Amino acid sequence: MLRIATWNVNSIRARSERVVDWLERANIDVLAMQETKCKNEQFPEMGFAAAGYELATVGFSQWNGVAIASRVGLEDIESSFENQPGFSKDAEADPAIEARAIGATCGGVRVWSLYVPNGRTLTDPHYTYKLEWLAALRDTSAKWLADDPAAQIVLSGDWNIAPTDDDVWDPALFADKTHTSEPERAAFGAMTEVGFTDVVRPFTPGPGVYTYWDYTQLRFPRKEGMRIDFSLCSPALAARVSGAEIDRQERKGKGASDHAPVIIDVA
């Protein structure tokens, strides 16, 4: 049995002790982290190492950042996926690859930690960037499956998309905004078309089941959240998933991230 989790930790330097404590309590083998918000050399490694976890990190500044912590091996690390788009505010400059993807093989499973661009607004250049980023991920992941239909791959992370109206507390509030627009939802659905499956949804059904609650306006106690964190598995890996859960308890308390961990159990 492997327990693989994904968690937007919203600054690992502010929450490393909490994250390591949770890893041990929840008996997690592999954790994909997003929004670590630090450079590689700033990552607080000591607590993870003391708990028996190896680390792979990608962080260039105080923004974005992804990492994988594993106690079942960490091999063939990649700091981006093939043809991953970059972004630059300067149209004349070469777009830089941001710290938004890292992959590694852990216990025989190819784990990707992904932090999909937010999009900001429907007219912002980040929205176009987001759709291009998702299209590149779709094409690359389709190639992985074409090359090896038996590949054991999980695409875990903060997708910044609520795929259906059940995945947000008030769909009307998000009309004509990012996260619920038709192009974004179509881009998420395209991952299913190439063979990846949301393996968490069958174990966490219904409206009102979320992974993210904004810090403002008492969103968490009012149960006003969104489901935007997912683990999408290749066909061969999806067949091995025996359970999944969203650990809502980790959104509680002082110093919590605004996201909850999402866990899958692999037989």
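Colleague: Is C38 buried or exposed in this thing?
Modeller: Buried: C38 has a relative accessibility of 2%, and buried means under 20% here. Keep in mind that this is a predicted model.

Colleague: How many disulfides does the structure hold?
Modeller: The count is 0. For C38, the nearest cysteine sulfur belongs to C106 and sits 18 Å away. A pair would have to be within 2.5 Å to count, so C38 is in no disulfide.

Colleague: And which cysteine sulfur is nearest to C106?
Modeller: That of C233, at 13 Å, and C106 is in no disulfide. C106 is buried too, because its relative accessible area is 0%.

Colleague: Switching to helices. How do α3 and α4 sit relative to each other?
Modeller: Helix α3 spans residues 125-147 and helix α4 spans 182-193. Their axes come within 9 Å and cross at roughly 10°. Angles under 35 degrees count as roughly parallel, so α3 is roughly parallel to α4.

Colleague: Which residues meet there?
Modeller: On the α3 side you have Y127, K130, L131, L134, L137, R138 and S141. They meet P183, E184, A187, A190 and M191 of α4.

Colleague: How does that contact divide into nonpolar, polar and charged?
Modeller: The residues in the contact of α3 with α4 come out as 8 nonpolar, 1 polar and 3 charged.

Colleague: OK, what does UniProt annotate over residues 5-259?
Modeller: The UniProt record, an unreviewed entry, has "domain: Endonuclease/exonuclease/phosphatase" for that stretch. In the model, residues 5-259 are 24% helix and 22% strand. The C-alpha atoms at the two ends of that stretch are 13 Å apart.

Colleague: I was looking at R219. Where is it found?
Modeller: R219 is in the loop between β9 (197-198) and β10 (229-233).

Colleague: Buried or exposed, that arginine R219?
Modeller: R219 counts as buried, because its relative accessible area is 13%.

Colleague: What does R219 touch, leaving out residues up to four places away in sequence?
Modeller: With those left out, R219 touches W169, L173, W213, D214 and E224.

Colleague: Backbone check now. What is phi for N160?
Modeller: Phi of N160 is near 50°, so a positive value in a residue other than glycine. N160 sits in the loop between β8 (153-158) and α4, and N160 is buried, with a relative accessible area of 4%.

Colleague: And what about phi of H179?
Modeller: H179 has a positive phi as well, about 85°, and H179 is not a glycine. The place of H179 is in the loop between β8 and α4. At 8% relative accessibility, H179 counts as buried.

Colleague: Last one, A256. Where is the place of A256?
Modeller: A256 lies in the loop between β11 (241-246) and β12 (262-266). It's another buried residue, because A256 has a relative accessibility of 6%.

Colleague: Which residues does A256 touch, not counting those up to four places away in sequence?
Modeller: On that count, A256 touches R15, R18, Y215, E250 and R251.

Colleague: How far apart are A256 and V30 in space?
Modeller: A256 and V30 are 20 Å apart, C-alpha to C-alpha, and 226 residues apart in sequence.

Technical notes. Residues numbered from 1 in each chain as written. Predicted model: local features only at pLDDT ≥ 70, side-chain atom pairs only at ≥ 80, totals over all residues. Heavy atoms only, no water. Buried < 20%, exposed > 50% of the residue type's maximum accessible area, 1.4 Å probe, protein only. Axes fitted to C-alpha atoms, helices over the stretch in contact; angles between N-to-C directions. Helix = DSSP H or I, 4+ residues; strand = E, 2+ residues; numbered from the N terminus. Parallel < 35°, antiparallel > 145°, perpendicular 65-115°, else oblique. Contact = heavy atoms within 4.5 Å. Nonpolar A, V, L, I, M, F, W, Y, C, P; charged D, E, K, R; others polar. UniProt positions renumbered as here; feature names shortened; annotations may be inferred.
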